[in-house]
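Here's a quick briefing to read alongside the model. Have the viewer open and follow along.

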Amino acid sequence: MASDVVIRPARAADEREISELFRSTWSRVSEPGPERPADAAVFDERHPVESYLVAERGQQVVGYIAQAPASPLETNRHVRHIQGLAVLASARGSGVGQALVEAACAAARAGGARRMNLRVLGHNEPARQLYRRCGFAEVGVLPQEFLLDGVYVDDVWMSRPLTDPHEPAHP
């Protein structure tokens with residue numbers, strides 16, 4: 001990764017830049033949902049600021065990643081889920097995405113998580129390659145889960161362990 005990029009926890013003051021980054025990188029290659037309105041909140045009850053990490057170059061946010069518990073169930077609290085990842089076009093190819101994924105996995109591990117999961121659109125090969133480089137494996141596919149611009153697209157589920165699989169559980 002470029003040595004001038006710092007990965008840090010997001011702050012409430014980053015909301016505008018994260019929103020602009022999301023909107024500038026939104027496409028049907030990476031997002032099955034609608035475009036986010038310019039005035040839509042990034043941080044809310046389901047997406048607290050604490051769930052985000054940002055990549056910052058100088059005073060500019062050039063990437064972010066969000067992760068959250070996989071579900072509200074106590075029996076599932078050891079699993080985290082990547083909810084979003086975006087890197088500014090000018091920062092792509094410099095290792096920012098991989099640094100964000102690894103930082104999110106490290107933060108989840110430090111919080112007691114044992115597994116990280118994510119979903120990615122089947123036609124988003126650059127993202128799938130990034131996640132494979134970060135140790136994720138495809139664990140399932142929901143064929144033709146989304147109809148995007150007249151084309152059916154698979155929903156690919158990927159997962160990676162955050163600990164040694166032989167480690168005993170620590171409830």
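Is Glu125 buried, exposed or partly exposed? Glu125 counts as partly exposed, because its relative accessibility is 30%. Keep in mind that this is a predicted model. The notes below start with the charged pairs around helix H3 (residues 125-133), then move on to the helix itself, the cysteines and a surface patch.

**Salt bridges**

- Eleven salt bridges turn up in the structure.
- Glu125 pairs with Arg128, and their closest N and O atoms sit 3.9 Å apart. That just makes it, because the cut-off for a salt bridge is 4 Å.
- Both partners belong to H3, and because they are three residues apart there, about one helical turn separates them.
- Unlike the partly exposed Glu125, Arg128 is buried, since its relative accessible area is 12% and the buried class is anything under 20%.
- Arg128 has a second partner in Glu138, where the closest N and O atoms are 2.5 Å apart. This pair ties together distant parts of the chain, with Arg128 in helix H3 and Glu138 ten residues away in strand S6 (residues 137-148).
- Glu138 counts as partly exposed, given its relative accessibility of 35%.
- Step back and you get a network: salt bridges link Glu125, Arg128, Arg132 and Glu138.
- Elsewhere, Asp14 makes a salt bridge with Arg8, with 2.8 Å between the closest N and O atoms. Here both Asp14 and Arg8 are buried.

**Helix H3 and its surroundings**

- Which residues of H3 are buried? They are Ala127, Arg128, Leu130 and Tyr131.
- These residues span an arc of only 160° around the axis, so they end up on the same side of H3.
- Turn to the face pointing away from that buried side and you'll find the exposed residues Pro126 and Arg133.
- The buried residues of H3 have plenty to list as packing partners: strand S4 (79-87), helix H2 (96-110), strand S5 (115-121), S6 and strand S7 (151-161).
- S6 therefore shows up twice, as a packing partner of the buried H3 residues and as the strand that holds Glu138, the salt-bridge partner of Arg128.
- Just past the end of H3, Gly135 adopts a positive phi of about 95°.

**Cysteines**

- How many disulfides does the structure hold? The count is zero.
- Why no bond for Cys105? The closest cysteine sulfur, in Cys134, lies 7.0 Å from the Cys105 sulfur, which is too far. For scale, the cut-off for a disulfide is 2.5 Å.
- Seen from the other end, Cys134 is in no disulfide either, and its nearest cysteine sulfur is that of Cys105, 7.0 Å away.
- Cys105 counts as buried because its relative accessibility is 0%, and Cys134 is also classed as buried, at 3%.

**Nonpolar surface patch**

- Val139, Leu142 and Trp157 make up a nonpolar patch on the surface, and together they offer about 260 Å² of accessible area.
- Trp157 is part of strand S7, a strand that also packs against the buried residues of H3.
- Trp157 is partly exposed, with a relative accessible area of 32%. That value lets Trp157 into a patch, because membership asks for over 30%.

Definitions and conventions
Residues numbered from 1 in each chain as written. Predicted model: local features only at pLDDT ≥ 70, side-chain atom pairs only at ≥ 80, totals over all residues. Heavy atoms only, no water. Salt bridge = Lys/Arg side-chain N within 4 Å of Asp/Glu carboxyl O. Buried < 20%, exposed > 50% of the residue type's maximum accessible area, 1.4 Å probe, protein only. Helix = DSSP H or I, 4+ residues; strand = E, 2+ residues; numbered from the N terminus. Arc of directions from axis to C-beta. Contact = heavy atoms within 4.5 Å. Patch = residues over 30% accessible without salt bridge, like charges linked within 9 Å, V, L, I, M, F, W, Y side chains within 5 Å. Areas by Shrake-Rupley, 256 points an atom, 1.4 Å probe, with all protein chains shown as cover.
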